[in-house]
Amino acid sequence: MKRDIPPILFDRRDYDLLSLVDEVLDRTDSLQYVQDLLYPWLHPHGIKEIAASPALRMAYAALRLLGSLEAGKAEERITALRCLRDEVMSTGEVHMRRNSARVVLEIMKEMVRKPAGRLVQLKLAHDFRTAVIGRPRAIRSLLRRYHLLEMPEKWNQVSFDDHIHDSSTKGRKSPSHLIMDAWIKGIRRISVVYYNYVPPQAAEELLEAAEIMGVAVRIGIGFSAKFYRAYVQLIYSPAGLSDPKDFLSFLGDRQTKAFMEEGRLVSAHQGRYVLELLKEFNRNHLHRINERYGLKLDDLNLSDFLAYVGEGQPSVLHLAKFIHRNLLPAMREKAARLWSGFGAASREEREKIVALVQEMNGLDSEAIVDRFLRAEQNPGISDPRVPGDTGDIPGLLQLSAPQLVDRLNGLRAGCKITLNLTNLKAEDVLELLYRCKGAVSDLEIFNLKDFATGKAGNCRQINELQRAINDQNTIALKKLIVAMIGRMQGADGASPERIASFHEILRNIPTLQSYYRKGPLRSTIGSDSTGYSHRLHGMGLAILQTLPPGAQREVRRSTGPQRQIIPVRIDAFFQNTYMPERSTGNLFRLLFPLLARFPGLRLIGLKREEGWKVNELSTRIVSTGNVVTLGGINGQGGDLTDIFTTCVPPRRRIFSWNYCNNIFKNAIKITAGFIPAFLSFYLTRDWWVLAWLGAPIWFAITGVRNIIQSVFGAGGFRPSSLIKWDSYISWERISDSLFYTGLSVPLLDYLVKSVILDRSLGVNTSTRPVLLYTLIALANGLYIFGHNKLRGLPKGTATSNLFLRTILSIPLAYLMNLAAGGVIGALGVANVSLMLQKWAAIISKAASDCVAGVIEGVADRNEYIEIRANDYAGKLKQLFDAYAQLELLYPEADVLKMLESPGDFISRLGAEARDLEKIIIVNGLDLLYFWVYQPRARNEFRLLLEGMSPEEREILVRSQSVLRRKSEVSQLLANGMVGKKFEKALSFYLDSSEEYLNVIEKLKATINPRMDASTGGK
């Protein structure tokens, strides 16, 4: 395959990355050195960078997370998820850190699945490296490519899914995988629904994973209740149990435990139906499939099916997927045989072949359910959807809705009970609400799966009923009930008893209203996603106006099935919240009430947080909604057999600019910028110096400025001896800058300076030099602003280039003009003004780039400082948490004094504190690595020390003294703390630790007296 790929496509690093991923996929169990790097206390920017690349660590963690659905692997999945989260949040530029992380994670997921074809794999590798760099325009392009909507970096979007499933029921994904995918899609709140009972290990994994990723999660348990000749589903959610320990304590309660055991009996009963359905399929349907498509499939094995289900509850969906998985190889083989004779077949035979292959292509899991697994296709088995009176039906399935909610309310004070509206009419909902006496707190007013499959036709009427109840509108409620009675009286088969029941409700409208006077009847909206279907939208919904403007435009322009605005509208209002800064001093707190009285000073010292206020009671079913799906529809591959691609291989377009290697792309961009710059000087100058050297001088100004600003931003003028200066430089960034600066030459030097100002307006260096440089600077500023926006740079950067850079470059250009005139005059050149006019654009360009070097260099510096601040914040939290645990373990000892002597400290630690010792050593090594290798780490460390209390400084510096215990630290490294490839890490530690410890001791010594003096010795 590599021979078929043109050499201009892909970088050597793309192939290297693919090799790393292949190594992980082929040698998962033997890569112990990578597994050790999943230790949660190791920082992505810390010492483990020496042992393995970020891509290798991410690939290994992703494979560990996605590759196991075994119940005993939950802790491993949680560890892998925590590592993945830390890794991806440490990639990309700070401007789009969360969106970069989402794309990186999505691409890595695709890579570890090892898609067919080397070209596809290389594209993924190239996209991954592009996403890691984190350029805004590239990230937005990748978000579109991988069907993800851009989310606000403030992470304040209103996004949710109130009904999804994991692998413990009928879903495809483990709890950790589910939470990760929810975060990738940008979902901030989810409700995971289990059936009949909750497996404690699944709940624990789900809640821990949600805490890691910052996703709010609610666990619901679906129960079936008898309602006339059918069942309705009620979803029970205990309130106030988001902490894993609290929820496990609830599940361990004696009463809850007994109730869950009853639920297990229901699941076992329903599972037996699925197993009977498998036998019925083997008896009555499999031979028909064999005959129709010319296959020779044997009966499907029961034990194989149970192994396929794993820790989940057997369901019809599982069975359909299992049947489809067994059919797929045989159908592919059949399609290949048909294709082999396709060329020699007659036109009529070809049409038959294509029709047969297309029919097989449509036989996916959903088609299997519709054609073979419905109750009407299997009359020999009792339909579980119809309540029966036989003695083998579990007790819970014999309860009515009022009886069930009474038992659920007895489990715990405070709960949420949601009524699922599948196949229910407004009459059914009203009767259930009344009979349950207000115990139903929520209606699942919109179910995306039901909407797509035509089971939600009554949502609008039910929503009208809900709003009438919440508004306490007696007139509207009476009209609705009277209309319901009229429909029932006019319908065939309506029972007099039920009509009498509605007359009772009509007479007791005040009673119905009283149930929801204090607590309104709320709404939930869910996708009912299992992760299997490729005909239905996946999980995730969002209120459209809470997304960034670009994402809103993308949704509105979307014409395909990937994005759908559902007919639901929810009111959301933007709000700003102002809170005091943590760093605000006591003096300011005293003066704030006085300052707040003056106009314009009311918000001084307050931190602004942007968010959205959602009116939950405003949810309504309308024709034009404002809720958009976040999960797309994959109409190719996956759940579909995709057989037709076997007969008609798709045409591939090999060449793509996006996947050209960087050397080629950079050369093309520089050349494309240099040609118009050179021609502009060459064709408009009669002096050979500017004709031949004007473009190189112009390019040199921009190139040197970019290099200096990059090195300055990273603190590279005073670098560690271990860091090379060119490691700070992005050559792709420089090539972009040279491309756009080349295009500016015809604009500034020829069109603006010569044609418009000199020839048309008579403005030049002789007549009005200040006006000349002002207008050139303004034109340059507008041009830079335009291409900054085109490249997707942050709004602040583009605005600074338009205003600050323009304003500051004008006086600088004029001064440079005066200086150049003085030098030229001193050299005895005649007609100084004419000479300056020829160089005017270059002088203005040099002034602009000087200002840009300072502005963008400071911006780069601030970005590095922000990254280091985040790095140090995480490490110091771990360090102080470990110290606090030591204080609790040794309440009568002076732990701070123990840290003075690292040897005594380590020797005094008992077995229970050995993990804390390891954590403190790991923190020390990571902080050492920050100090030596990471840009701006030393500046940030000094600032942190200065901002700490004396006691915090002592804890930090003394904790670092454990690095003086070379034998213990070396042994820990040799034992695999950073993996089996520890030699480089050990060498780094031994070479750098002593100097580092001496420097921070001196730093502390200089800071303490100064801080004491500033606080008056307090």
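The dialogue below walks through several features of a predicted model.

Colleague: Before turning to single residues, how many helices and strands does the protein chain have, and what percentage of its residues count as buried?

Modeller: In this predicted model the protein chain has 41 helices and twelve strands, and 51% of its 1018 residues count as buried. Among contacts between residues at least 6 apart in sequence, 78% join residues at least 24 apart, while the accessible surface comes to about 46600 Å², with 55% of that area belonging to carbon and sulfur atoms.

Colleague: How should I read the packing of two helices, and at what angle do the axes of H34 and H39 cross?

Modeller: In general, a packed pair of helices is described by the angle between the two axes together with the distance between those axes. Here the axes of H34, residues 832–889, and H39, residues 950–960, come within 11 Å and cross at roughly 95°, so H34 is roughly perpendicular to H39, given that angles of 65 to 115 degrees are counted in that class.

Colleague: Which residues make the contact between H34 and H39?

Modeller: A general point helps first: an α-helix has 3.6 residues a turn, so residues three or four places apart point the same way. In this case H34 contributes Leu876, Leu879, Phe880 and Tyr883, and H39 contributes Glu952, Ile955, Leu956 and Ser959. Sorted by class, the contact has six nonpolar residues, one polar and one charged.

Colleague: Staying with H34, is Ser844 buried or exposed, and which residues does Ser844 touch beyond those up to four places away in sequence?

Modeller: Ser844, which lies in helix H34, has a relative accessibility of 4%, so Ser844 counts as buried, the cut-off for that class being under 20%. Once residues up to four places away in sequence are set aside, Ser844 touches Tyr773, Ile776, Ala777 and Ala813.

Colleague: Where is Asn788 placed, and what is its relative accessible area?

Modeller: Asn788 belongs to helix H31, residues 769–790, and is buried because its relative accessible area is 2%. Leaving aside neighbours within four places in sequence, Asn788 is in contact with Leu793, Thr797, Ala798 and Asn801. The C-alpha atoms of Asn788 and Tyr740 are separated by 9.8 Å, although the two residues are 48 apart along the chain.

Colleague: At which residue does helix H30 bend, and what does Gly762 take just after H30?

Modeller: Helix H30, residues 731–760, bends by about 35° at Leu751, and just after H30 the residue Gly762 takes a positive phi of about 70°.

Technical notes: Residues numbered from 1 in each chain as written. Predicted model: local features only at pLDDT ≥ 70, side-chain atom pairs only at ≥ 80, totals over all residues. Heavy atoms only, no water. Axes fitted to C-alpha atoms, helices over the stretch in contact; angles between N-to-C directions. Helix = DSSP H or I, 4+ residues; strand = E, 2+ residues; numbered from the N terminus. Parallel < 35°, antiparallel > 145°, perpendicular 65-115°, else oblique. Contact = heavy atoms within 4.5 Å. Nonpolar A, V, L, I, M, F, W, Y, C, P; charged D, E, K, R; others polar. Buried < 20%, exposed > 50% of the residue type's maximum accessible area, 1.4 Å probe, protein only. Areas by Shrake-Rupley, 256 points an atom, 1.4 Å probe, with all protein chains shown as cover. Bend = angle between axes of the 7 residues up to and from the residue.
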